[in-house]
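This report is written for a reader who is meeting the structure for the first time. It begins with the ligand and then turns to the domains.

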Amino acid sequence: MRHVVVFTGAGVSAESGIPTFRDALAGLWERFDAEELATPEAFRRNPALVWGWYEWRRMQVMRAQPNAAHRAIAQLEERVGRFTLITQNVDDLHDRAGSRSVLRLHGSLFAPRCFDCDEPAALAPEIPGEPASGRALAPPRCARCGGLVRPGVVWFGESLPEAAIARAFEAAQSCDVLLSVGTSSLVHPAAQVPFVAKRAGARVIQVNPNPTALDEIADLNLRSPAATALPTLVESLSRD
Ligand code: BV8
Ligand code: ZN
């Protein structure tokens with residue numbers, strides 16, 4: 001039975017209007033570098049600035065819709081024998097497009113938890129129009145211990161969820177085709193996944209309008225936006 005792995009980055013959500021990680025620093029945060037804001041140190045130093053950034057990104061995701069690429073990936077899951085979706089994204093657009101099993105390597109904007117005791121925290125209801133341009137917001141306090149609530153994402157310098165990264169490498173080791181969509185392949189250890197698949201003999205297909213570190217090993221490079229390339233690609237992958 002053929003096993004297809006799809007590995008996605010921020011580029012798969014670009015056509016839903018969600019800025020990619022590098023571009024997610026508009027407005028209040030434009031003077032910051034993502035890699036310095038997405039860290040536990042930054043949150044400790046200025047919790048309201050970091051919490052406000054994540055709440056603004058979460059509100060953007062809630063107002064966005066999955067695009068044709070998310071939908072094509074959900075269709076592919078129904079058409080191939082064995083399928084694994086691995087994402088670096090922290091939005092919920094794959095789930096909303098109908099993907100059933102999503103391996104999240106970097107957590108989610110929709111799973112806030114206490115920084116001190118890990119108690120899951122409630123999500124603030126969407127306040128229409130707020131935060132419009134994004135602003136600093138004091139994070140809520142943990143109901144159990146009073147600690148600061150943090151976003152449920154993996155920050156730079158933090159380990160990835162053990163089970164998720166182990167299952168991602170297992171899938172990469174055992175797949176026939178790995179489709180990498182919309183990632184700059186710069187962030188480790190996630191960026192290793194396509195290389196592990198290649199070394200294990202999989203065919204690697206990349207969809208990205210720009211060159212990336214994966215160019216050298218991709219068997220097929222589709223220099224195209226995901227929402228354009230995926231529907232056709234899914235058709236051909238479903239026929240093989
Ligand atoms: C860890 C959640 C250690 C947060 C994210 C030096 C060398 C190697 C590694 C390191 C190093 N120095 C430090 C490290 C480690 C570090 C790392 O890799 N740094 C990089 C910058 C060098 N990694 C870590 O810290 C990881 N943890 O290593 O722990 C450890 C070990 C043991 C014990 C304790 C600790 C944790 C990394 C996780 C960071 N969290 N996200 C948040 O979202 O705020 S990563 C974040 O950036 C995203 O999740 C994504 O994965 C990554 C890249 O973001 P983008 O570039 O925007 O997105 P993407 O890569 O997906 O690129 C967009 C692409 O889309 C582009 O290529 C573009 O061309 C394309 N595109 C655009 N439009 C479209 C499109 N494609 C298709 N269609 C379109 N329409
Ligand atoms: Zn707590």
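## Polar contacts of the ligand

In this predicted model, an oxygen atom of ligand 1 lies 3.0 Å from a polar backbone atom of Gln88. Two further contacts can be described in similar terms: a nitrogen atom of ligand 1 is placed 2.8 Å from a polar backbone atom of Val154, and a nitrogen atom of ligand 1 is 3.5 Å from a polar backbone atom of Gly11. Ligand 1, when taken alone, exposes 1,500 Å², and the protein buries 72% of that area.

## The surroundings of the ligand

Ligand 1 is surrounded by 34 residues, of which the closest are Ala10, Phe21, Tyr54, Ser184 and Asn210. When the residues of this shell are divided by character, 16 are nonpolar, 13 are polar and five are charged. The space that ligand 1 takes up is the largest pocket.

## Two domains

The chain is divided into domain 1, made up of 1-16 + 65-106 + 159-240, and domain 2, made up of 19-63 + 109-153. Their C-alpha centres, those of domain 1 and domain 2, lie 26 Å apart, and the contact between them takes 13 residues from domain 1 and ten residues from domain 2.

Which domains supply residues to the shell around ligand 1? The shell draws at least three residues from each of domain 1 and domain 2.

Key:
Residues are numbered from 1 along each chain as its sequence is written. Chains are lettered from A and ligands numbered from 1 in the order in which they are written. This is a predicted model: local features need pLDDT of at least 70, side-chain atom pairs count only at pLDDT 80 or more; totals for chains, interfaces and linings use all residues. Side-chain values use heavy atoms; hydrogens and water are left out. A residue is near a molecule or strand if one of its heavy atoms lies within 4 Å of it. A polar contact is a pair of N or O atoms within 3.5 Å; within protein, one must be able to donate a hydrogen and the other to accept it, and residues adjacent in sequence count only if both atoms are side-chain atoms. Accessible areas come from the Shrake-Rupley method with a 1.4 Å probe; for residues, only the protein chains shown count as cover. On a 1 Å grid over the protein atoms alone, a cavity is a set of points where a 1.4 Å probe fits but cannot get out, and a pocket is an open set with protein on both sides within 12 Å along at least five of seven lines; lining residues have an atom within 4 Å of a point. A molecule sits in a cavity or pocket if more than half of its atoms lie within 2 Å of its grid points. Ala, Val, Leu, Ile, Met, Phe, Trp, Tyr, Cys and Pro count as nonpolar, Asp, Glu, Lys and Arg as charged, and the others, Gly among them, as polar. Domain bounds come from an automatic or database domain assignment. Contact means heavy atoms within 4.5 Å.
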